[in-house]
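Q: Could you take a close look at the aromatic ring pairs here and walk me through them?

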Amino acid sequence: MPSRTWEPPAPYDLARTLRVLRRGRGDPACRQEPDGTWWRCSRTPDGPVTLRISDGPDSVGGRLTGTAWGPGADLALDQLPTLLGADDEPDTFRPRHRVVAAAPRKRCGLRLSRTGLVMESLVPSVLEQRITTGSVHYAWRRLLNRYGEQPPGPAPEGMRIPPPSGASRGLRWTGGDYAFPPG
């Protein structure tokens with residue numbers, strides 16, 4: 001099981017940074033454990049991956065460790081700093097409104113994450129544009145539980161890899177479940 005560490009250069013909040021990737025508390029692909037450890041299951045171009053990200057006992061500004069399992073492990077670990085917001089440049093942020101200018105002080109340690117996985121972000125985003133938040137979280141869980149696959153490695157029970165992009169083609173939400181159109 002390969003791993004990689006990354007040390008944020010400034011105050012950093014792991015939960016605030018990764019929370020945007022989670023689709024509700026019951027998201028089968030992204031989970032935060034009570035001890036602050038994050039689990040993320042993804043489908044990379046190299047294959048499925050399970051990624052565990054932990055920040056240890058000193059959570060603010062400390063070293064972060066990513067451990068990965070599966071065919072996509074090397075790619076996920078190569079991209080770990082980007083996922084954790086290393087490419088975000090908060091010093092270049094020039095807000096024009098006082099409320100927006102106050103946001104970075106209120107959200108200290110937040111960095112903008114980037115996955116590089118378009119379909120994994122696109123499908124839930126499209127759902128979010130079409131139905132209410134609670135329904136989106138339910139729909140996302142149903143989609144992954146029905147069409148996703150078992151993640152590699154020691155992922156917590158109930159976690160799933162999102163289905164391949166072609167698998168969602170032709171699916172439609174019927175209000176209570178996903179269905180394939182007839183014929």
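A: Happy to; here is a walk through the ring pairs and one residue of a strand that takes part. The model is predicted, so local features need pLDDT of at least 70 and side-chain atom pairs count only at pLDDT 80 or more, while totals for chains, interfaces and linings use all residues. Residues are numbered from 1 along each chain as its sequence is written, and side-chain values use heavy atoms, with hydrogens and water left out.

A pair of aromatic rings is described by the distance of the centres and the angle of the planes. Rings of Phe, Tyr and Trp (its six-membered ring) pair if their centres lie within 6.5 Å; planes under 30 degrees apart count as stacked, over 60 as edge-to-face and the rest as tilted. By this rule there are two aromatic pairs.

W6 and Y12 form an edge-to-face pair, because their ring centres are 5.7 Å apart and the planes stand at 80°. Both W6 and Y12 are buried (under 20% relative accessible area, with a 1.4 Å probe and protein chains only).

W39 and W69 are stacked, because their centres lie 6.0 Å apart with the planes at 20°. This pair links distant parts of the chain, 30 residues apart: W39 sits in strand β3 (residues 38-44) and W69 in strand β5 (residues 64-69). Strands are DSSP runs of E, at least two residues, numbered from the N terminus. W39 is buried at a relative accessible area of 8%, and W69 is buried at 13%.

Strand β5 also holds T67, buried with a relative accessible area of 6%. Leaving aside neighbours within four places in sequence, T67 is in contact with M1, P2, S3, T50, L51, R52 and L77, where contact means heavy atoms within 4.5 Å.

Technical notes:
Buried means under 20% relative accessible area, exposed over 50%, partly exposed in between (1.4 Å probe, protein chains only). Helices (H or I, at least four residues) and strands (E, at least two) are DSSP runs, numbered from the N terminus.
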